Each structure stands twice: as structure tokens, then as C-alpha cells.
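Good morning, colleagues. I should like to take you through one model this morning, beginning with its aromatic rings and then turning to a helix.

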Amino acid sequence: MRLASIFQTFCYARSGSLPPPQPNSSGPAGIRYAYKASLVGSAHQFELTERGLSWHVGGRAGVWDYREIASVRLSYRPVSMQARRFRADLTKAGGGWLPIFSTSWQTAALMVPQDNDYRAFVIELHRRMAQAGSEAVLTGGLHPRLYGAAIVCVALLAIAMAGLLLRSLLTGQWAGALFLIGFAALFAWQVGGFIRRNRPLTYTFDDLPESLLP
């Protein structure tokens, strides 16, 4: 059985896919979640157990007691290949950081969303932390300073685009004006959603921000 398990793990590693969850023989089965942060790396695996948050990343592994988790930050992090991409950053008292993404790399051109599994895992993690009496700091969105810098950059870009549009209208360059209007609409749709979802906030275990969950 041991050799079969090792051979199966080797096959999944060669294929680049994630292995299916295996039963936990040491106790009641927990809620599991796994994703691949890159094509070449191994899967990041997590499990919510009675002892705490069990994790295995590359050659490292450990278990964090739910009361040891010092902070949780939820955010919306879209990328060019996946517009709906969410992230949870966990820190541990005394040092330690674990990022959890809602997507997983499958091929060089495909990033697969795992919305339902990610949402269920994050919600259950908060429930178990609350049940354990956690005093973790719960925040959402970008760090306030980073969010402020993003707002300034967006404002400067909007001013520049408005100036170009006005110049195009005054000089009768209608094709350029239409292009700028279309670009502005696309920019507002994509960047506007990122800014709106990532507004800095704090939340409680009983009221998770829906805008930061798939």
C-alpha cells in the first residue's frame, strides 16, 4: 500500500494535476483545499483538522493552532488569465505567512477557478477560528497605503485621458476620441471593480465581506 501511494503521487506530480483528497487515517476527515501557484511547483495543500490548520507547501509542512493565527486578510487579485481571482493571506503569531488563492494553474495557458472549494474552505476556517476563541485581526482589501497609492495613480491616469479626449474633440480627431472613450469604458470596468472590491475594511467572524469571496 505504501509503494502504491508513492507511485500514485509520482504520477500526479509528472502530470501536473492535483491528487484527489485521501482519507485521514489519524482521525476524522477535515476540510481540504489545494491549489498550484505555478506550473513547476508542487501543490499547496491545506486541511482544517481538530488540531488546527494543517499545511504542506513544497518541502515544508506544519500545523497552526487556530488561536495562533494572528491575522487574515481577504482580497481580490485578478490577473490577465483569470479575472475572478481571490486571495487570503494568513499570518501566525511569532512569524509565518500562508497565501491561499482561489485559482490553480493547470497548463501553461489555463488557470482554473476553484470558487466553490475556496469559498467553503475560507468560511469554515473562520468558523473554526471563532469556535477556538481566536482574537485574530480580520481585514479585507488592500493595505490603506497601497490603496491610497492606487487611487492616486488612477486619478492621474483619468486626468490624462480626459485631457487627450478633450484635445481630440477640439481638433476634430473623431476616431481618436472614440478610441479613448472605448478605452476609458474598459478601464473603468476592470480597474473600477478592482478598486471597489479592495477598499480597506475590517470585518468580524460573523460577517465576512461578500465582495471578497467568489
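**Aromatic pairs and helix H4**

By the ring-centre criterion, the count comes to eight aromatic pairs in this predicted model. One of them joins Tyr-33 and Tyr-35, a tilted pair with 6.4 Å centre to centre and 35° between the planes. Both of these tyrosines are buried.

Tyr-35 also pairs with Phe-101: the ring centres are 5.8 Å apart and the planes stand at 75°, so this pair is edge-to-face, the angle being over 60 degrees. Where do Tyr-35 and Phe-101 lie in the chain? Tyr-35 belongs to strand S1 (residues 31-35) and Phe-101 to strand S7 (residues 97-101), so their pairing ties together parts that are 66 residues apart in sequence. Phe-101 is buried, as is Tyr-35. Taken further, ring pairs link Tyr-33, Tyr-35, Phe-46, Phe-101, Tyr-118 and Phe-121 into a cluster.

I turn now to the helix. H4 comprises 24 residues, 174-197; at 1.5 Å a residue it should span 34 Å, and its end C-alpha atoms are indeed 34 Å apart, so expectation and model agree. H4 nevertheless contains a kink of about 25°, centred on Val-191.

Which residues of H4 are buried? They are Ala-177, Leu-180, Phe-187, Gly-193, Ile-195 and Arg-197. The packing partners of these buried residues are strand S5 (69-76), strand S6 (86-92) and helix H3 (144-170). Arg-197 brings us back to aromatic rings, for this residue lies over the face of Tyr-76, at 4.8 Å from the ring centre.

How values were computed. Residues numbered from 1 in each chain as written. Predicted model: local features only at pLDDT ≥ 70, side-chain atom pairs only at ≥ 80, totals over all residues. Heavy atoms only, no water. Helix = DSSP H or I, 4+ residues; strand = E, 2+ residues; numbered from the N terminus. Expected span 1.5 Å × (residues − 1). Bend = angle between axes of the 7 residues up to and from the residue. Buried < 20%, exposed > 50% of the residue type's maximum accessible area, 1.4 Å probe, protein only. Contact = heavy atoms within 4.5 Å. Phe/Tyr/Trp six-rings, centres within 6.5 Å; stacked < 30°, edge-to-face > 60°. Lys NZ or Arg CZ within 6 Å of the ring centre and 35° of its normal.
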